[in-house]
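Here are some exercises to work through at your own pace, each with a stepwise solution. Keep the sequence and the 3D view open beside you.

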Amino acid sequence: MKRYRMHVNGEPVDSCSGRAFPVYDPSTEEVIAEVPQADAADVDRAVAAARTAFDCGPWRQTTAQERGRILLRLAERVRQESANLAEIESRNSGKPIVEAEFDMADVATCFEYYGGLATKVLGHVNPVPDNALSLSIREPMGVAGQIIPWNYPLLMAAWKLAPAIAAGCTCVLKPAEQTPLTALEFANWLADVGLPPGVVNVITGFGEETGAPLVRHADVDKVAFTGSASVGKQIVKMAADTVKRVTLELGGKSPNIFFAGADFEAAIDGALFGVFINQGEVCSAGSRILVERPIYSKFVEAMTEKAKHIRLGPPLERETKMGPLVSQEQYDRVNSYVELGKKEAKLVAGGKRPGSLKRGFYMEPTVFCDVPNSARIAQEEIFGPVAAVIPFSDEAEAIRIANETRYGLAAAVWSRDIFRAFRVVKALRAGVVWVNHMQPTYVEAPWGGYKQSGFGRELGPWGIEEYLETKQVHINLNEQPIGWY
Ligand code: NAI
Ligand code: MG
């Protein structure tokens, strides 16, 4: 069992209290590591390091070119270590190794993208009248507190750290308590790539004990959060006292809409991939599957048949297509929705722990059909392999059902009729909409939600904006006194 340390001010450190907590392999339910248990004192120490690095350190004098090179070196390092990182990620989160490998490639790509973008942040010359020159210049926002979830552990760290470093901010990152290992491995390389002490700090701990003091801290300028809607709402309230900038990505209940004319094979694949990838522990999971009535029964039958053959197993086996859920707590949460779903709709696949796997938090790919959109399993985020299939009669009804949710992260529409597909795209209230696909994500394109899925956008140029302030500079070109008094 490996004992990890946190990373504060360029040093590996234990928690101030000396306390630590166990980290599990969800496929064996065994402890695989121990990490420090940070509390408010550790938050103070990490924020002080980030504050000093921002206010007094060499970081503010580090050029955009150099920040870009640092990010490229981080990308390079992730690529070199990707096999090891993917294995740790897979073991700790339960995601299949093949998916973890894709994640590590995406992590590297994210650092590369922001490495390139660091030198492309532009200001403006504002077209003001008279004898003045007016500039808008972009500056880093300051100290960023970054709180991330357990479903894509290192990828979520990359989405937050890379734009912050590119912008010239300093960071205190708190990984999810279930999956802190890859972020701690990553922290070991910060000095090697040339990041001054205090620019990136990684502290491990729980939500209330570590996350909340980070959000409340007066020396933190901005909070970026990905996680549950309920914690997101608390974060907005906690951030209010110090008027912090906040960005939130809070998941959803994304509709995946299938019209009768869509390619049938592609549709079934798209429905399964949309909801079952990463065990369904995906913020943009296509967990509401809307199917037009003429193909409805055939669709449910084909989807159910294919779902039953998805290979569950140990995450490190390359043939595995679905691993265990991340924790006992998540298993219990998903299982309680499955039990609820049996009362609200018709269970046609899965719904239990597979008999062949005696240990681990495994849940079979589960399909409910004839689900009323008002059912709780159609309205509440489950964050597990549970699909709610809902029939619809026409385009107008599909749009109405799709938008009848408090969330608005993502949606997808499948049709070969481009007029229809684009009409639906425009009518959907969601931050990401796919046509004839679901889930591909590009670092070049914006990611974030409408409605209660949060606010702010990650990735692309939008991602760095969230770490930049705008300073208006007025330069008087008229040497005369104002002459007012
Ligand atoms: P969570 O929202 O409690 O945890 C996410 C992160 O927030 C973790 O790092 C956690 O330590 C931190 N956190 C928790 N309470 C906090 C607080 N009071 N102040 C500051 N930070 C806090 O998510 P949890 O409990 O692991 O999962 C519950 C549900 O949340 C899932 O079933 C799923 O529906 C949703 N979720 C959504 C995610 C997304 O990508 N949008 C990711 C993870 C969970
Ligand atoms: Mg929670």
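**Exercise 1. The shell of the ligand**

How many residues surround ligand 1, and which are the closest?

*Solution.* Before you start, note that this is a predicted model, in which local features need pLDDT of at least 70 and side-chain atom pairs count only at pLDDT 80 or more, while totals for chains, interfaces and linings use all residues. Residues are numbered from 1 along each chain as its sequence is written, chains are lettered from A and ligands numbered from 1 in the order in which they are written, and side-chain values use heavy atoms, with hydrogens and water left out.

Step 1. Collect the residues near the ligand (a residue is near a molecule if one of its heavy atoms lies within 4 Å of it). Ligand 1 is surrounded by 31 residues, and the closest are I148, W150, E177, S228 and E381.

Step 2. Sort the shell by class. There are 15 nonpolar, 10 polar and six charged residues around ligand 1. Here Ala, Val, Leu, Ile, Met, Phe, Trp, Tyr, Cys and Pro count as nonpolar, Asp, Glu, Lys and Arg as charged, and the others, Gly among them, as polar.

Step 3. Look for the elements that contribute. At least two shell residues each come from α7 (207-216), β11 (222-226), α8 (229-240) and α11 (328-344). The largest share, four residues, is supplied by α7. Helices (H or I, at least four residues) and strands (E, at least two) are DSSP runs, numbered from the N terminus.

**Exercise 2. Polar atoms beside the ligand**

Find the N or O atoms of I148, W150 and A212 that lie beside ligand 1, and say which come from the backbone and which from a side chain.

*Solution.*

Step 1. Start with I148: one of its backbone N or O atoms is 2.8 Å from a ligand 1 oxygen atom.

Step 2. Turn to W150, where an N or O atom of the side chain lies 2.6 Å from an oxygen atom of ligand 1.

Step 3. Finish with A212, whose backbone places an N or O atom 3.5 Å from a nitrogen atom of ligand 1.

Step 4. Now consider the cover. On its own, ligand 1 has 810 Å² of accessible area, and the protein covers 92% of it. Accessible areas come from the Shrake-Rupley method with a 1.4 Å probe.

**Exercise 3. Checking two helices**

Do the arithmetic for α3 and α8: what should each helix span, and how far apart are its end C-alpha atoms?

*Solution.*

Step 1. The expected span is 1.5 Å times one less than the number of residues. For the 12 residues of α3 (residues 82-93) this gives 16 Å, which agrees with the 16 Å between its end C-alpha atoms.

Step 2. Helix α8 also has 12 residues and should span 16 Å; its end C-alpha atoms are 17 Å apart, which agrees.

Step 3. List the buried residues (under 20% relative accessible area; exposed is over 50%, partly exposed in between; 1.4 Å probe, protein chains only). In α3 they are L85, A86, I88, E89, S90, N92 and S93. In α8 they are A229, G232, I235, M238 and A239.

Step 4. See what lies against them. The cover over the buried residues of α8 includes α7, β11, β12 (245-249) and β18 (407-408). Those of α3 pack against several elements, among them β4 (20-25), β5 (30-36) and α2 (64-80).

Step 5. Zoom in on S90, a residue of α3. Because its relative accessible area is 0%, S90 is buried. Its contacts (heavy atoms within 4.5 Å), leaving aside neighbours within four places in sequence, are K95, P96, I97, A100, P315 and L316.

**Exercise 4. Positive phi angles**

Where in the chain do N278 and F383 lie, and are they buried or exposed?

*Solution.*

Step 1. Recall the background: most residues other than glycine have a negative phi.

Step 2. N278 is not a glycine, yet its phi is positive, about 55°. N278 sits in the loop between α9 (264-276) and β14 (288-292) and, at 1% relative accessibility, counts as buried.

Step 3. F383, also not a glycine, has a positive phi of about 60°. Its place is the loop between α12 (376-379) and β17 (386-392), and with a relative accessible area of 16% F383 is buried.

Conventions:
A polar contact is a pair of N or O atoms within 3.5 Å; within protein, one must be able to donate a hydrogen and the other to accept it, and residues adjacent in sequence count only if both atoms are side-chain atoms.
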